[in-house]
Amino acid sequence: MAEFPTTARVVIIGGGVVGVSSLYHLAKLGWTDCVLLEKNELTAGSTWHAAGNCPSFSTSWAVMNMQRYSLELYKDLAEEVDYPMNYHVTGSVRLAHGKNRMMEFERACSMGNYQGLNLEMMDLATIKERYPFIETHDLAGGLYDPDDGDIDPAQLTQALAKGARDMGARIERFCPATGVSRENGEWIVHTAKGDIRCEKVVNAAGYYAQRVGEWFKPYGGRTVPMATMSHQYFLTDDIPELKEWSQAHGHKVPLLRDVDSSYYLRQDKYGLNLGPYERNCKGHWMQPDDPMPDDFSFQLYPDDMERLEWYIEDAMARVPMLGTAGVSRVINGPIPYAPDGLPLIGPMPGVPNAFEACVFTFGITQGGGAGKVLAEWITQGQTEWDMWATDPRRYTDYTDQDYANQKAMEVYGHEYAMHFPHHTWPAGRDKKLSPVHDRIIALGGQMGPYNGWERANWFAQPGDDVSEEATQTWDRNGPWVPRIREECEAVRDHVGVLDLPGFSRFSLSGVGAAEWLRGRITGGLPKVGRMNLAYFADDRGRVLTEMSCLRHGDDDFTLITAASAQWHDFDVLRPARDAGLTLADHTRDYSTLIVTGPQSRSLFEGLQAQADLSAPWLSHQSAEVAGAQCTLVRVSFAGELGWEIHAANADIPAIYEAVIIAGAKPFGMWALNSLRMEKGYRAWKGDLSTDYTLLQGGLDRFVKLDKPQDFPGKAALQNEHQQGVSKRFVTMVVEAGDQDAPYMSTLWHNDEVVGETTSGDWGYRVNKSIAFGMLRADLAVPGTEVYVDIFGTKCRAVVQADQPLWDPENERLRA
């Protein structure tokens with residue numbers, strides 16, 4: 001028997017399908033000196049009792065990519081590693097009870113087919129043809145996924161393990177990790193069998209991920225945001241009718257998902273497997289009287305079938321033969337949930353050379369893609385696809401256990417929910433509040449969370465419908481529309497004020513800070529007293545992030561970014577500390593008001609603001625407004641004359657009240673989104689992501705290829721500049737119907753997909769539906785006609801000139 005390894009490049013903690021897939025993919029990339037530790041036998045956690053369903057369906061572009069890759073991998077894995085597996089590709093029928101669900105299917109179908117999947121919309125006759133045992137009288141239609149099916153989770157894990165071992169990677173079973181320490185820039189992973197010194201470590205501990213995560217707190221870590229839910233499914237005895245059909249046709253019936261009723265129904269041998277996601281769900285290990293055991297390997301919770309009664313009855317009405325068979329076995333096991341139901345894959349927040357691949361709710365169908373993504377993070381520091389949807393840094397300091405528990409219950413109970421553009425989920429709210437939160441509520445603010453910060457989306461008037469039901473629509477129109485129009489018109493004609501707590505705010509200073517930044521950003525730095533946009537690229541020249549850069553002195557900067565980017569962008573700047581510079585996060589210390597509109601200068605004059613109100617666009621200054629010290633920044637994301645007021649939290653209420661009394665109309669985030677699109681301003685992780693290079697994004701003016709500093713991505717951008725871009729950012733005016741273009745709607749030209757949208761909204765100043773997108777370069781010229789697939793309807797769109805639709809010369813901004 002080989003000696004216990006004392007060194008490795010990477011140690012993976014956890015031997016479920018995701019940990020083993022990560023080991024396999026590291027070995028595929030040539031990193032074979034890696035060790036996986038499992039406290040029991042492989043698959044002892046959630047993997048062994050998983051149902052093993054393998055959908056590719058998702059309405060997240062990143063997650064769909066990941067699942068698509070998994071299914072492609074599984075198709076040939078048994079042959080590749082010479083390990084037999086039960087993998088049944090049966091296809092699946094996903095049912096829709098109404099129009100809204102059919103629209104969601106149309107959107108997913110378009111996205112999937114763009115990725116190379118063969119998703120297909122179904123009418124009732126086709127559903128009955130594919131699944132003859134179903135009642136369809138009350139359905140609207142369905143979606144067919146030919147690649148869906150089920151796989152044996154244990155066999156899949158063992159196949160990946162064999163492949164990893166064959167390439168030279170190590171797996172240590174019955175070897176629990178007991179802790180970690182750090183020495184001389186390396187990790188030491190402690191086990192009962194001895195210590196392993198390694199460069200990098202991965203938390204792939206499944207529902208134990210939070211316990212493992214606590215080991216990293218002394219090194220900058222945080223409590224892993226997760227909770228554990230009880231998922232219950234049951235298997236029936238054989239059903240003669242099903243057996244006869246299967247033998248006659250030589251295959252199983254497709255996997256059935258009634259997503260509006262919230263369950264899946266799958267053939268298992270000649271019986272059925274019913275798995276509901278019930279609203280009256282149950283979490284485990286959430287209360288002091290229900291502690292998590294030290295070892296729950298290969299164990300289940302007691303049966304709790306009463307909880308499933310409604311779902312069983314609904315399923316029996318849908319597929320009557322389900323009611324003819326007895327229950328042969330009940331599985332009730334733990335499944336981890338992150339607050340949004342998506343896993344944590346990527347850098348561990350705040351901790352050097354540590355990664356997470358954990359909290360997988362659908363670990364079987366995502367395991368293959370997750371291993372690929374995690375291996376890319378570890379070996380290359382970047383991923384093929386933009387994976388912000390699963391990046392652990394998408395959560396920050398508001399995700400306490402109360403939040404994680406509330407959201408897990410909400411997400412589980414709405415596992416198949418549609419995510420409407422104007423709907424805000426109610427659980428886990430009010431975690432971070434603006435200094436004027438109560439005032440905003442009193443003014444009618446309808447709130448939404450932004451990295452945990454509550455901001456007004458729009459301001460309702462007495463009598464407006466502010467019910468949750470009103471927001472459950474894909475349509476643009478709702479009670480918010482007249483209010484958003486009024487807010488936009490106030491900004492256009494007079495002056496508006498937006499309360500904007502939670503901007504990510506970092507100070508960077510010290511001798512050499514300017515030169516350090518020049519070596520990181522693609523463009524130049526502003527002069528002292530001025531500001532500009534600074535872009536950070538990855539090694540491929542793709543957009544890593546965008547920051548507003550305010551320069552106070554030669555080597556003294558404030559960098560401001562999106563609320564959601566706080567931990568991500570702090571990681572981008574963190575190497576400055578290694579260079580001996582001072583870097584601090586002041587996000588919680590200050591807040592921001594945007595005061596904008598043609599009368600904003602008059603408003604400040606009326607308040608006798610102690611400031612130079614003639615200072616030019618893109619300048620900043622120390623000032624006094626309503627008796628409070630602040631920084632006035634001459635910039636407006638709304639595209640009108642205006643200022644951002646940055647002040648200490650304690651001073652914001654007095655300033656806000658003075659601005660309101662002086663006549664500014666409160667406006668919300670939905671108005672701001674409309675206003676920014678009319679100006680062509682890009683949004684982070686929509687229009688600006690690592691799926692696109694800066695040159696594709698039309699950000700050429702922020703790229704200085706002739707500067708001496710060898711910034712990340714410079715060589716790639718130089719090469720792209722010489723070769724020419726393959727696709728280009730465009731603004732389009734769309735002849736839309738009741739809906740504006742959602743993210744990742746396909747663009748068509750001559751019956752061919754030629755690009756995708758990145759943002760869509762209604763422009764209230766130009767009275768048009770606007771879409772941003774990435775279009776094949778030869779078509780990215782003004783006047784080109786394309787068609788946007790909006791929920792299955794192809795809407796004509798015209799490419800606009802490369803300038804803002806509103807105030808193209810920026811005269812109003814500079815006034």
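The legends below describe an overall view and three close-up views of a predicted model. Residues are numbered from 1 along each chain as its sequence is written, and side-chain values use heavy atoms, with hydrogens and water left out. In this predicted model, local features need pLDDT of at least 70 and side-chain atom pairs count only at pLDDT 80 or more, whereas totals for chains, interfaces and linings use all residues.

**Figure 1. Overall view of the chain, with 21 helices and 38 strands.** Helices (H or I, at least four residues) and strands (E, at least two) are DSSP runs, numbered from the N terminus. The radius of gyration is 27 Å, close to the 28 Å of the globule rule for 815 residues, so the chain is as compact as a globular protein of that length. This radius is taken over C-alpha atoms, and the rule is 2.2 Å times the number of residues to the power 0.38. Along the principal axes, the C-alpha atoms fill a box of roughly 85 × 65 × 60 Å. Of the 815 residues, 60% are buried; buried means under 20% relative accessible area, exposed over 50%, and partly exposed in between (1.4 Å probe, protein chains only).

**Figure 2. Close-up of threonine 399, in the loop between α10 (363-380) and α11 (401-413).** With a relative accessibility of 10%, threonine 399 counts as buried. A polar atom of the threonine 399 side chain lies 3.0 Å from the backbone oxygen of threonine 396. Glycine 428 is 29 residues away along the chain, and its C-alpha atom is 8.8 Å from that of threonine 399.

**Figure 3. Close-up of glutamine 566 in helix α15 (residues 566-573).** The relative accessible area of glutamine 566 is 6%, and the residue is buried. Its side chain makes a polar contact of 3.4 Å with the side chain of asparagine 451. A polar contact is a pair of N or O atoms within 3.5 Å; within protein, one must be able to donate a hydrogen and the other to accept it, and residues adjacent in sequence count only if both atoms are side-chain atoms. Neighbours within four places in sequence aside, glutamine 566 is in contact (heavy atoms within 4.5 Å) with Thr396, Lys432, Asn451, Ser504, Phe506, Asp585 and Thr587.

**Figure 4. Close-up of aspartate 123, in the loop between β5 (120-122) and α5 (124-130).** Aspartate 123 is partly exposed, at 44% relative accessible area. The side chains of aspartate 123 and threonine 126 make a polar contact at 2.6 Å. Threonine 784 is 661 residues from aspartate 123 in sequence, and their C-alpha atoms are 34 Å apart.
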